[in-house]
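Dear colleague,

I am passing on the structure we spoke about, and below it you will find my notes on its charged side-chain pairs. Please read them with the structure open beside you.

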Amino acid sequence: MLLNWYLKEHLASAVRIAAFIGVFSLLCFLRNVPQDVTVYMIVLMAAVGATGFCFHYGKYRKHHLVLALLAAEPQGKTEALPEADGLLARDYQQIIASYERQFQEEQIKMEQKYRDMMEYYTMWTHQIKTPIAAMRLLLQEEDTPFSREMQSELFQTEQYVQMALQYLRMEKMTSDLVFARYDLDALIRQAVRKYAPLFIRRKIILSYEPVHCEVLTDEKWLVFVLEQILSNALKYTKSGSIHIYLSPDAPKTLVIEDTGIGIAPEDLPRIFEKGYTGCNGRADKRSTGIGLYLCRQIMEKLSHTIRIESEMGVGTKVYLGLDTVSL
């Protein structure tokens, strides 16, 4: 393939060389040059031409391989470009170097803007927790239907703030991971305890018996996933129950099953996409389409798996594949 490209690019030169040999042969014939001398000169020129071809093709191939490697990983590699063998090649390399400098400058500016944005929103998510805590204390001073409803909405607000904070931390999640073996029941209880008031307020039955397993994971991030799954289950379960158990078919898989409204079949393939809300999300204007996206990203970085089965009007099952061993 490379030889074909070379021949196409140098076809004009090959034609000129062939024409020169033809004209030389004609002149030798017209001048009555002995045939053996003519043949000798032609063979000599062909040998020189073949040697030049091999040398030039070798250089062409070497340059091509270097450029192919640079094309696969171009940033910061202009100094590795083959030495320019002409004025035009040198001009092209100078243009490429100029573009690379501009790209690096723009990249530095973008990275600085990103860091500034991250610092601002991280600071904001921490600062907003103070007025949320103050409002909770004020609402706890009275026990009325209005205050209970306001506490519920405040709880949802806090969850959205927490989701935003986790979303910001996703960029550097790998440096924040602390793997250890944890009692899976302890992690489940953390998530359930946080949503206990909602279970009580909405009269949703929780069916959960200790699973007696431990899991190799990061506590903070896995608990966040469990909380998100429970939050979704509560959001879309108006009445009925939520069941937490280990799958009998796959002992290393935790199942969180609800009797909610379910997910439309056409939405299931896309529920883990960033920003995708589906039919249920469009009906519930507060849906962000970020929760399940974060769950998928986190589970992948924890080397766990997550999948969902659902049927409209029946409920949803979320399967969390975990590395568990019996205690």
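With which residue does Arg-181 form a salt bridge, and how far apart are the closest N and O atoms? The partner is Glu-214, and the closest N and O atoms of the pair are 4.0 Å apart. Because Arg-181 belongs to strand 1 (residues 179-183) while Glu-214 belongs to strand 3 (residues 213-218), this salt bridge ties together parts that are 33 residues apart in sequence. Arg-181 itself counts as partly exposed, its relative accessibility being 42%.

Please bear in mind that this is a predicted model. A search of the whole structure finds five salt bridges, and I describe two others here.

One of them joins Glu-227 to Lys-194, with 3.3 Å between the closest N and O atoms. Here the pair ties together parts that are 33 residues apart in sequence, since Glu-227 lies in helix 8 (residues 219-235) and Lys-194 in helix 7 (residues 184-202). As for accessibility, Glu-227 is buried, because its relative accessible area of 11% falls under the 20% cut-off, whereas Lys-194, at 28% relative accessibility, counts as partly exposed.

The other is formed by the side chains of Arg-270 and Glu-273, which meet at 3.1 Å, N to O. Arg-270 is partly exposed, with a relative accessible area of 38%, and Glu-273 also counts as partly exposed, at 33% relative accessibility.

With best wishes

Methods:
Residues are numbered from 1 along each chain as its sequence is written. This is a predicted model: local features need pLDDT of at least 70, side-chain atom pairs count only at pLDDT 80 or more; totals for chains, interfaces and linings use all residues. Side-chain values use heavy atoms; hydrogens and water are left out. Helices (H or I, at least four residues) and strands (E, at least two) are DSSP runs, numbered from the N terminus. Buried means under 20% relative accessible area, exposed over 50%, partly exposed in between (1.4 Å probe, protein chains only).
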